[in-house]
Amino acid sequence: MTLKYILQELYQWFTYRMEDKKARRKFMVVIVMGVLVLIAVYAANGSITQKQSGSIHGPSTSQPVSTSNTQTASNTQTTSNQDQDQGPGPGSTDTQQPTLLLSAIIISSVMGVSIVSSTGMQLHYRKKHMDCIAALPVLYSEETMQ
Amino acid sequence: MNQRKITAFRLVCLLISTFVLTYGSYFLGSCVSLLLPVFACAYVPTGSASGVCKTIVTLSYSLMESTGTALFSLIGFLLLCILGVMIFGRLWCGYICPFGFYQELLTMLRKKLRIPAIHVSEKVKPFFRLLKWILLLCFVFGIGFCNLCPVKYIMPSLAGYGSDLSILGIIIAGIVTGICFLKERAFCEYCPLGTLMGFANKISIGKIKKNGAACTHCRACLECCPMDIHVIYEERLQSNVTHTDCIYCMKCIEACPEPDTLSFTLFGKKILKSKRKIK
């Protein structure tokens, strides 16, 4: 059994599966989940880097600070964070794991809330038959045209 | 311009602007500062734009604090922003806004998953309209809008700084993401910055024009409009159908099956028009 034969068989199996609509939908779900996981991992990575560089504070802890508008957002953030930063110093490796976990928890919480809210709205609209297209008002310029 | 090309062009513009405004400092350097009339949150530490929203929220404080060159540059930036808005109207929303791109991504995902969109009932629309004006007032007078703004919680998370979100942030980000998933450009309808820029739509360089006599009222324009604008469908006498909510996505022109019925003009010159669909 050559590699070429295996690849050909795999390709045939894949195209056969792709023809099926349900399989395609499942495939899309898998891709979407993969992208979301990638975003989550990236976000966790970013937050670790942020922790290591010593600028920890995010949006929830800081209020809009009025500075000159020629300054960048990053500069403003760093300046405001330097005063408030009480986290571990740069290079502390013992905080990496909890930060990763925390980021994963927060992102999954956001996703969870969004899924719950969208599913709830969808169910509500289906129950109330509100997803049907409502009749539009009579055209106000129709009589004038006649 | 070809109709398909305009959508691709718009998405490419959104992708580039989102990337630059969110991750710009990584490759442009931290000295780059852009003040654009879009929701590019100032709380994204790696962002290269602070967005004009922060300036408006803290305008009175900034004017009091700034002196000399800083005050001059602040006023200069603001005047440039106002000029930009007056020229382009809400083109910023459709082609530059990173949060708009986030919403477009959610809509694309919903369409791929074949989940139907929801339509806001006509009965509850007045309440939502009221909410829009309340949000605008809160925004202009700086009454706690920044604490409720979903962009402040979502954009830093996308940039990799989501580990410090509060419970309120998680709830707001989650609910807004859920709503934007089911309704295309849901936040744009209530965006206070967009509402402010919408006033300039009537005098901006871009206009959506309609030939009322050629319209067959197939509702194609209304069905595809992400902002639920009825004027394009209803109007028959006036040629200018540019609404204050219009973000110039051109989907109505793409969807219109009648040739030369809907068109987009720039400086009065027709650059895009509807064409007959051949199946």
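Which element of chain A has the lowest mean pLDDT, and which the highest? Among the elements of chain A, helix H3 (residues 73–84) has the lowest mean pLDDT, 40, and helix H1 (residues 3–19) the highest, 79. Here pLDDT is the predictor's confidence in each residue, from 0 to 100, and helices (H or I, at least four residues) and strands (E, at least two) are DSSP runs numbered from the N terminus. This is a predicted model, in which local features need pLDDT of at least 70 and side-chain atom pairs count only at pLDDT 80 or more, while totals for chains, interfaces and linings use all residues. Residues are numbered from 1 along each chain as its sequence is written, chains are lettered from A and ligands numbered from 1 in the order in which they are written, and side-chain values use heavy atoms, with hydrogens and water left out.

Chain A averages a pLDDT of 60, and 29% of its residues score at least 70. The pLDDT is below 50 over residues 55–92 of chain A, a stretch with 74 contacts (heavy atoms within 4.5 Å) beyond near neighbours in sequence. It is also below 50 over residues 135–146 of chain A, where 18 such contacts occur in the model. Where pLDDT is low, the predicted coordinates should not be read in detail.

The largest nonpolar core has 68 residues, and those with the most contacts inside it include B:Phe39, B:Phe99, B:Tyr248 and B:Leu262. Such a core is a set of buried Ala, Val, Leu, Ile, Met, Phe, Trp, Tyr and Cys residues joined through side-chain atoms within 4.5 Å. Helix H10 of chain B gives the most to this core, with 7 residues.

Two residues in loops of chain B were also examined. B:Glu258 lies in the loop between H14 and strand S2 (262–266) of chain B. B:Glu258 counts as buried because its relative accessibility is 18%; buried means under 20% relative accessible area, exposed over 50%, and partly exposed in between (1.4 Å probe, protein chains only). Leaving aside residues up to four places away in sequence, B:Glu258 touches B:Ala214, B:Thr216, B:Ser274, B:Lys275 and B:Arg276. B:Ser166 is found in the loop between helix H9 (150–158) and helix H10 (167–182) of chain B. With a relative accessibility of 27%, B:Ser166 counts as partly exposed. The C-alpha atoms of B:Ser166 and B:Ile229 are separated by 35 Å, the two residues being 63 residues apart along the chain.
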